[in-house]
Amino acid sequence: MNDACYCSSNGKIYGTVGPYVCQYNGTTGERENFFRIGSPVYGDMRICYHAATDKLYVAAWHEPDEQNFAPLTWPQRDVFEVNLALTTSTALGLGALEGLNPMPPYTGYRWIASSGIYLYVSVSGTPNYYIRRVDPANIADTGTTSNFLIFSIEQAAISPTQVVVPRPGSQGLRYYNLALGGETASSLVPYSLVGMEYNSGNGLFYGVTGDTNLIRVDVLTPIAFTVLNLGALEATADPCRIRYWSGTGRLYLPCMTANGVIVWNPNTESGEFKSGFNNPVDCVFTGSKSWAVQNAPIGLREIV
Amino acid sequence: MPCFKSFVFSAATLGEYALFDAVYVASVDKIFATSGVHVVKFNATTGAVESSVRISSPVNGQARLCYHAATGLLYATIWNEPNLQYFSLTHPNRDVYPINPTTMVVGTRLNIASTTVVDDDFVNGSFFGPRWIASSGNYLYIQWADNANGYVTLRVNPSNLADRSTNAYFTDQFLWEHGALTPTEIMVPDPDYPGVSFAPIGYDLDAEWNTCDTFPLYFPVACEYVSFDGLVYATDGAGNLLRLDNPGASAYTVFDMTAVQSGADPCRLRWNVYDGQIYMPCMTNNSFILWDPNTVTGVVKTGFANPVDVIFTGTKVWAVQNSPAEPLKEIT
């Protein structure tokens, strides 16, 4: 599994496995249903739940493998709207809007999240990567950031007022108001951030760099940040995503190499390494439970 | 180097497998397949999952797999998706990894990028790394997406890395799904050329790759050797099956698979020496086309879930499915 989300309206967890969306019981973690989004698609997919429409949205891209399908077009790079029953899948047509079909190598949609009102997607386009805001109920209501980074991101952060985007390779981050219009500001952080998260408990943004650094952004402008060390908890810690769960007030950092999850208390700035997982790439939370999303034969494992 | 734990499952264990490549190993009578960065072992009679092992981490890319009889080991290629561009901008795990098919223990990586002519792909971005692997019995053949040169075909002896092709062959700017190994030649598709290039199986010099067939209207993505007629066949992912009638003379015959089943889009093809059929998985149609090269006719087998490949054990034929439905499904 590459990504997962919790759907509060039916209590289910939905995750992406190859070109499929799988539905899991939010209490037991058992798989209940699955549905193929498109084919042929080889790329991993990202997923979010959008309460305004009570639907799932799946972002698809294509690996270079997909270059082979004559006549060298890639019709399925898009964001797909999927009903909760997993019976229908409709492309929003963003690929045409973006001009991604046909385009070479690894263009497509690599991350998606919902603010409750809008969807935000990371676009691997040409010549660069950027963020697009979309109202799935009105595709004309859209906006984009300027080109802002040279590498794909794992996760951006959405607060009640801002979108904060890591800039891997450029050592910094950019932040925007939720409309993505007019306001474009950047801060230099001498670390290659790949994933950002908003902590509603203290109103701060946190970032991960795929190694033992956890970056707490104390002030966006002028930038002030604190580097927190995960290495003392797990020497091989390499989280590339980070999730905040209001249920515990903790940050959750999946560590693929160590087969574990670091649970970080932002109040005490201390953490605990939980082992026993298999290649965890993400975390997902229901109202009462936390789950590791595993890029492994067993997709979900509860974090206890 | 890390040694990853092998996970053992009961036969009833459900899992989220999305298989990408597979191989049958007769010496242990097991099927092995890649699912993400894991290699999974299956019972060849029942298709049940027996165990799995993670090859390397952190890696988000898919893996390809082959069995090399000379060493009695599986070899898995790992590459990295652009997702992996972030890890301090290094990509240390793009390589070829041996796996013991009995113990499922991952051995020491071959460190191909440091020992061959490919560019230093450990520190470069994007989608570089090994993307296909096959064994001739004596050598491994690897397709490597190389930063500096495009796509490279390498010949390597895993027991003696100094015994390898000293000049890589740079195909074109697109990946292919698989090449063909005949008793005397390696033949690889050039999807962008478009055509098929070939060289003696023990090739060493660039010049040996100067021969190619061109298919002006077709973009082959996979080649397969068919011992029935001694010819190589290719698919283009768009419903065309190409038979190379006279290699070197660009003489070929095109068979329309969409006439067998509308919408057919096989991107791999496999020759089953046991029943004399060419098997072509069609992802979009959830089907297989079985093509008889003797009668030049085909039939359709339906009821599969996103099949990407096929495995022959001698007594059974298994669909390799990129789907959580069930990883292997018997074709009857």
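A salt bridge here is a side-chain nitrogen of Lys or Arg within 4 Å of a carboxyl oxygen of Asp or Glu. By that rule, B:Glu330 and B:Lys316 are joined through their side chains, with 3.7 Å from N to O. The model is a predicted one, and this pair makes a good place to start walking through it.

## Salt bridges

B:Glu330 belongs to strand E27 (residues 328–330) of chain B, while B:Lys316 sits in the loop between E25 and strand E26 (317–321) of chain B, so their salt bridge ties together parts 14 residues apart in sequence. As for exposure, B:Glu330 is partly exposed, with a relative accessible area of 28%. B:Lys316 also counts as partly exposed, at 22% relative accessibility.

Over all chains, the structure holds 24 salt bridges. Three from chain B are set out here.

| Pair | N to O distance |
|---|---|
| B:Arg243 and B:Asp245 | 2.5 Å |
| B:Arg270 and B:Asp309 | 2.8 Å |
| B:Glu330 and B:Lys316 | 3.7 Å |

Let us take the pair of B:Arg270 and B:Asp309, whose side chains meet in a salt bridge. This pair links distant parts of the chain: B:Arg270 is in strand E21 (residues 270–272) of chain B and B:Asp309 in strand E25 (residues 307–312) of chain B, 39 residues apart. Are these two partners buried or exposed? Both B:Arg270 and B:Asp309 are buried.

The partners B:Arg243 and B:Asp245 fall into two classes. B:Arg243 is buried, with a relative accessible area of 18%, because the limit for that class is under 20%. B:Asp245, at 29% relative accessibility, counts as partly exposed.

## A nonpolar core and one of its members

The largest nonpolar core has 33 residues. Those with the most contacts inside this core are B:Ile31, B:Phe42, B:Leu241, B:Met257, B:Ile278 and B:Met280. In soluble globular proteins, nonpolar side chains tend to be buried together.

B:Met257 is worth a look of its own. Leaving aside residues up to four places away in sequence, B:Met257 touches B:Gly239, B:Leu241, B:Ala264, B:Met280, B:Ile289 and B:Trp291.

Another residue to select in your viewer is B:Ile201, in the loop between strand E15 (195–200) and strand E16 (212–214) of chain B. With residues up to four places away in sequence not counted, B:Ile201 touches B:Ser136, B:Tyr141, B:Arg155, B:Leu181, B:Thr182, B:Pro183, B:Thr184, B:Glu185 and B:Ile186. From B:Ile201 to B:Tyr141 the separation is 60 residues in sequence and 9.4 Å in space, C-alpha to C-alpha.

## Two open sheets

Chain B has an open sheet of three strands in the order E6-E7-E8, with antiparallel pairing. Strand E6 (63–68) and strand E8 (95–99) of chain B are at the edges with a single partner strand each, so one side of each has no neighbour in the sheet. From one strand to the next, the twist averages 25 degrees. E6(B) and strand E7 (residues 73–78) of chain B run antiparallel and are joined by six bridges. Within this pairing, B:Ala63 has B:Ile78 in E7(B) as its bridge partner.

In chain A, four strands make an open sheet in the order E13-E14-E15-E16, again with antiparallel pairing. Its edge strands are strand E13 (157–158) and strand E16 (185–188) of chain A, each pairing on one side only. Two bridges connect E13(A) with strand E14 (residues 162–166) of chain A, and these strands run antiparallel. The bridge partner of A:Ile158 in E14(A) is A:Val163.

## Backbone details

Some loops deserve a closer check. The peptide bond from A:Thr221 to A:Pro222 is cis, with omega near -15 degrees. A:Pro222 lies in the loop between strand E19 (213–219) and strand E20 (224–229) of chain A.

A:Asp54 has a positive phi, near 55 degrees, although this residue is not glycine. The loop that holds A:Asp54 runs between strand E5 (45–50) and strand E6 (55–60) of chain A, and A:Asp54 is partly exposed at 33% relative accessibility.

B:Ser250, likewise other than glycine, has a positive phi near 50 degrees. B:Ser250 is placed in the loop between strand E19 (240–246) and strand E20 (251–256) of chain B, and is partly exposed with a relative accessible area of 26%.

## Confidence

Chain A averages a pLDDT of 87, and 87% of the residues score at least 70. Where does pLDDT stay under 50 in chain A? That stretch is residues 66–72, for which the model has 26 contacts beyond four places in sequence.

Notes
Residues are numbered from 1 along each chain as its sequence is written. Chains are lettered from A and ligands numbered from 1 in the order in which they are written. This is a predicted model: local features need pLDDT of at least 70, side-chain atom pairs count only at pLDDT 80 or more; totals for chains, interfaces and linings use all residues. Side-chain values use heavy atoms; hydrogens and water are left out. A nonpolar core is a set of buried Ala, Val, Leu, Ile, Met, Phe, Trp, Tyr and Cys residues joined through side-chain atoms within 4.5 Å. Buried means under 20% relative accessible area, exposed over 50%, partly exposed in between (1.4 Å probe, protein chains only). Contact means heavy atoms within 4.5 Å. Two strands pair if DSSP finds at least two bridges between them. Axes are lines fitted to C-alpha atoms, for helices over the stretch in contact, and angles run from 0 to 180 degrees between N-to-C directions. pLDDT is the predictor's confidence in each residue, from 0 to 100.
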